Amino acid sequence: LPASLGMAWLHGAAYYMGTTVGVAYVALYTLGVAPLALGYAAAFALLWRRETGRRVLGVFAPAGRMALTNYLMQTVIGIGLFYGVGLGLGGRVGPTLLWGLAVLILAGQIVFSTVWLRRFRFGPAEWLWRSLTYGQPQPMRDPSPGLTGAPVA
């Protein structure tokens, strides 16, 4: 946490590479990034231990099952919003609007993923990836839902 706070204090110093301030910024980033990631992981693990936490985190499960599809979708949405081929908002909007857009996009992806997975076993990109991996088209729907008693993967 102290390294991340120091890095935040030196925000923008990475542009001064080769200077003492630039080197300090990179050193603080290097020291702070792994513990910060572990802290996030620990927070999610602790949240998962509680029933309320499982319900809250469970909302994100459908989007997680379609992670590759959602990642690719975010790329297309981001290019459309922020680059010249779309609205060209890159560098012209502040963090408040960016956070709002991120929440809206994530919420839309959660809804899309939930609806999609009610009908299909995998997201479109996950299906393509699995089909290429196994060298043959994989079934998009469970061949016999409910007959085996096994949960649908």
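Helix H2 of this predicted model tucks away a handful of its residues: the buried ones are Gly22, Tyr25 and Gly32. Part of the cover over these buried residues comes from helix H1 (2-9). How far apart are the end C-alpha atoms of H2, and does that agree or disagree with the expected span? The helix takes in 29 residues, 20-48, and at 1.5 Å a residue these should span 42 Å; the end C-alpha atoms are indeed 42 Å apart, so the two values agree. There is still a bend along the way, of about 30 degrees, and it sits at glycine 32. A proline, proline 35, comes within four residues after that glycine. Glycine 32 thus turns up twice in this picture, once as a buried residue of H2 and once as the place of the bend.

H1 and H2 are worth a look as a pair. Their axes come within 7 Å of each other and cross at roughly 135 degrees. An angle over 145 degrees would count as roughly antiparallel, and 65 to 115 as roughly perpendicular; the H1 and H2 pair is therefore oblique. As for handedness, H1 and H2 make a left-handed crossing. On the H1 side, the residues that meet H2 are Ala3, Ser4, Gly6 and Met7. Their partners in H2 are Tyr25, Leu28, Tyr29, Leu31, Gly32 and Leu36. Several of these H2 names are spaced in a way that fits a simple rule about helices. An α-helix has 3.6 residues a turn, so residues three or four places apart point the same way. Two of the H2 partners, Tyr25 and Gly32, are also on the list of buried residues.

The start of H2 and the stretch before it can be followed through two more residues. Valine 21 belongs to helix H2. Its relative accessible area is 40%, so valine 21 counts as partly exposed. Leucine 10 is eleven residues away along the chain, and its C-alpha atom is 7.7 Å from that of valine 21. Histidine 11, by contrast, is in the loop between H1 and H2. Is histidine 11 buried or exposed? With a relative accessibility of 68%, histidine 11 counts as exposed, since the cut-off for that is over 50%. From histidine 11 to glycine 22 is eleven residues in sequence, and the C-alpha atoms of the two are 9.9 Å apart.

Further along, helix H5 has two partners to describe. The first partner here is helix H6: H5 (residues 67-82) packs against H6 (residues 95-119) at an angle of about 140 degrees, and their axes are 11 Å apart. H5 and H6 are therefore oblique to each other, and H5 passes H6 in a right-handed crossing. From H5, the contact draws on Asn70, Met73, Gln74, Ile77, Leu81 and Phe82. From H6, Leu98, Leu101, Ile105, Gln109, Phe112 and Ser113 take part.

The other partner is helix H7 (residues 124-134), whose axis comes within 6 Å of that of H5, with a crossing at roughly 120 degrees. That angle makes H5 oblique to H7, and the crossing is right-handed. Here Ala67, Leu68, Thr69 and Leu72 of H5 meet Pro124, Ala125, Glu126 and Trp129 of H7. The buried residues in H7 are Ala125, Glu126 and Ser131, and what covers them includes helix H4 (61-65) as well as H5. Just after H7 comes glycine 135, which has a positive phi, near 75 degrees.

Between H6 and H7 there is a loop, and phenylalanine 120 is found in it. Which residues does phenylalanine 120 touch, once its neighbours within four places in sequence are left aside? They are Met140 and Arg141. Arginine 141 is 21 residues from phenylalanine 120 in sequence, yet the C-alpha atoms of the two are 5.0 Å apart.

Zooming out to the whole protein, the secondary structure comes to seven helices and zero strands. Read from the N terminus, the order of elements is simply α-α-α-α-α-α-α. Of the 153 residues, 21% count as buried. Among contacts between residues at least 6 apart in sequence, 42% join residues at least 24 apart.

Methods: Residues are numbered from 1 along each chain as its sequence is written. This is a predicted model: local features need pLDDT of at least 70, side-chain atom pairs count only at pLDDT 80 or more; totals for chains, interfaces and linings use all residues. Side-chain values use heavy atoms; hydrogens and water are left out. The expected span of a helix is 1.5 Å times one less than its number of residues. The bend at a residue is the angle between axes fitted to the seven residues ending there and the seven starting there. Buried means under 20% relative accessible area, exposed over 50%, partly exposed in between (1.4 Å probe, protein chains only). Contact means heavy atoms within 4.5 Å. Axes are lines fitted to C-alpha atoms, for helices over the stretch in contact, and angles run from 0 to 180 degrees between N-to-C directions. Angles under 35 degrees count as roughly parallel, over 145 as roughly antiparallel, 65 to 115 as roughly perpendicular and the rest as oblique. A crossing is left-handed if the near helix is turned anticlockwise from the far one by less than a right angle, and right-handed if clockwise.
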